[in-house]
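Trainee: Hi! Could you walk me through this structure while I have it open?
Mentor: Happy to, so bring it up and ask away.

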Amino acid sequence: LADRALALDYTRPEVHAGDELVIREGRHPVIEQLPDAERFVPNDTRLDGNRNQVAVITGPNMAGKSTYIRQVALIAVMAHAGSFVPAREARISLLDRIFTRVGAGDDLARGRSTFMVEMQEAANILNNATAQSLIVLDEIGRGTSTFDGISIAWSVAEYLHNTPRVKAKTLFATHYHELTDLSLTLNGVQNYSVQVREHGDGIVFLRTIRPGCADKSYGIHVARLAGM
């Protein structure tokens, strides 16, 4: 197993009692092994309870935001299970729980709309996360009006940052670019974006995460890729 892990560029992670979660050249352990997948582009991650507590991640649709935040959660799970992880280097702080709010689905049999499911999952995170938790949020507030959605997403980020009991390490992927302004007033919020290059009338996804803010989401370009 160790020989295979090394051949696949896996490493033995360090799980420690400190506050830092650092991954160098991390990859998604499932997607990178799909037979028809494109070459997987690795990315770095740094989270802690101080300057790097909340990472607000913006970027185009289909650029890889969801893949990136989920691979961090998977690497953390693998590290806590004692497994090798798909990264050049990984130092993972000891976590009590990993919370996720991803995807979209309803529960009509119990009278819960897609938005209600999303809000209940978010409420569960806010009520149960601790400073030793890892939180992965893939879009908050998208199932209602734009103003309401931004207000909810903004409030969630502020609460996670300002409440000592739930000051968890957080990856927050969003298309609400207004949330990048949080870094101007909250010391623990950092902005990252997924890089893209415009080429003629189309776009090329570079799959790389860099500090900074995206200027748009390229939804029209993605609609064209879908055949609209």
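Trainee: Let's begin with charges. Which residue forms a salt bridge with Glu14?
Mentor: Arg91 does, and the closest N and O atoms of that pair are 3.2 Å apart. Keep in mind as we go that this is a predicted model.

Trainee: Where do Glu14 and Arg91 sit in the chain?
Mentor: Glu14 is in strand β1 and Arg91 is in strand β5, with their positions 77 residues apart, and the pair links distant parts of the chain.

Trainee: Are they buried or exposed?
Mentor: In between. Glu14 is partly exposed at a relative accessible area of 38%, and Arg91 is also partly exposed, at 24%.

Trainee: What lets two side chains pair up like that?
Mentor: As a general point, side chains of opposite charge can pair when their charged atoms come close.

Trainee: How many salt bridges are there in total?
Mentor: The count is 11. One of them joins Asp9 and Arg88, with the closest N and O atoms 3.6 Å apart.

Trainee: Why does that pair tie together separate parts of the sequence?
Mentor: Because Asp9 belongs to the loop between α1 (2-7) and β1 (14-16), while Arg88 is in the loop between α2 and β5, parts that are 79 residues apart in sequence. Asp9 is partly exposed, with 29% relative accessible area, and Arg88 is partly exposed at 39%.

Trainee: Which side chain does Glu25 meet in a salt bridge?
Mentor: Arg88, with an N to O distance of 3.4 Å. Glu25 lies in strand β2 and Arg88 in the loop between α2 and β5, so this pair ties together parts 63 residues apart in sequence. Glu25 is partly exposed too, at 28% relative accessibility.

Trainee: So Arg88 keeps turning up! Which residues are linked in a network with it?
Mentor: Asp9, Glu25, Arg27 and Glu32 are linked with Arg88 in a network of salt bridges.

Trainee: Let's switch to strands. What order do they take in the four-stranded sheet?
Mentor: The order is β1-β5-β2-β3, in an open sheet with mixed pairing. The edge strands are β1 and β3, each of which pairs on one side only. From one strand to the next, the twist averages 15°.

Trainee: How many bridges join β2 to β5?
Mentor: Three, and β2 and β5 (residues 89-93) run antiparallel. Val22 stands opposite Arg91 in β5, and Arg24 has Glu89 as its bridge partner there. You've met Arg91 already, as the salt-bridge partner of Glu14.

Trainee: And what about β2 and β3, are they parallel or antiparallel?
Mentor: Antiparallel. β2 (residues 21-26) and β3 (residues 43-47) pair over four bridges, and the partner of Gly26 in β3 is Asn43.

Trainee: What actually holds paired strands to each other?
Mentor: In general, strands of a sheet pair through backbone hydrogen bonds, either parallel or antiparallel.

Trainee: There's a six-stranded sheet too. What is its order?
Mentor: It reads β6-β7-β8-β4-β9-β10, again an open sheet with mixed pairing. β6 (98-101) and β10 (202-211) are its edge strands, each pairing on one side only. The twist averages 15° from one strand to the next.

Trainee: In what sense do β4 and β9 pair?
Mentor: In the parallel sense, over five bridges, with β4 covering residues 54-58 and β9 covering residues 189-199. Val54 stands opposite Val189 in β9.

Trainee: Which strands does helix α2 touch?
Mentor: Helix α2 (residues 65-80) packs on the sheet and touches β4, β6, β7, β8 (169-173), β9 and β10. Its direction makes about 160° with that of β7. Another helix, α4, lies across β7, β8 and β9 and runs at about 165° to β8.

Trainee: Last topic: where is Ile140?
Mentor: In the loop between β7 (134-138) and α4 (146-162).

Trainee: Is Ile140 buried or exposed?
Mentor: Buried, because its relative accessible area is 0%. Leaving out residues up to four places away in sequence, Ile140 touches several residues, among them Arg101, Ile152, Val156 and Phe172.

Trainee: How far is Ile140 from Ala173?
Mentor: Their C-alpha atoms are separated by 8.4 Å, although the two residues are 33 residues apart along the chain.

How values were computed: Residues numbered from 1 in each chain as written. Predicted model: local features only at pLDDT ≥ 70, side-chain atom pairs only at ≥ 80, totals over all residues. Heavy atoms only, no water. Pairing = 2+ DSSP bridges. Helix = DSSP H or I, 4+ residues; strand = E, 2+ residues; numbered from the N terminus. Buried < 20%, exposed > 50% of the residue type's maximum accessible area, 1.4 Å probe, protein only. Contact = heavy atoms within 4.5 Å. Axes fitted to C-alpha atoms, helices over the stretch in contact; angles between N-to-C directions. Salt bridge = Lys/Arg side-chain N within 4 Å of Asp/Glu carboxyl O.
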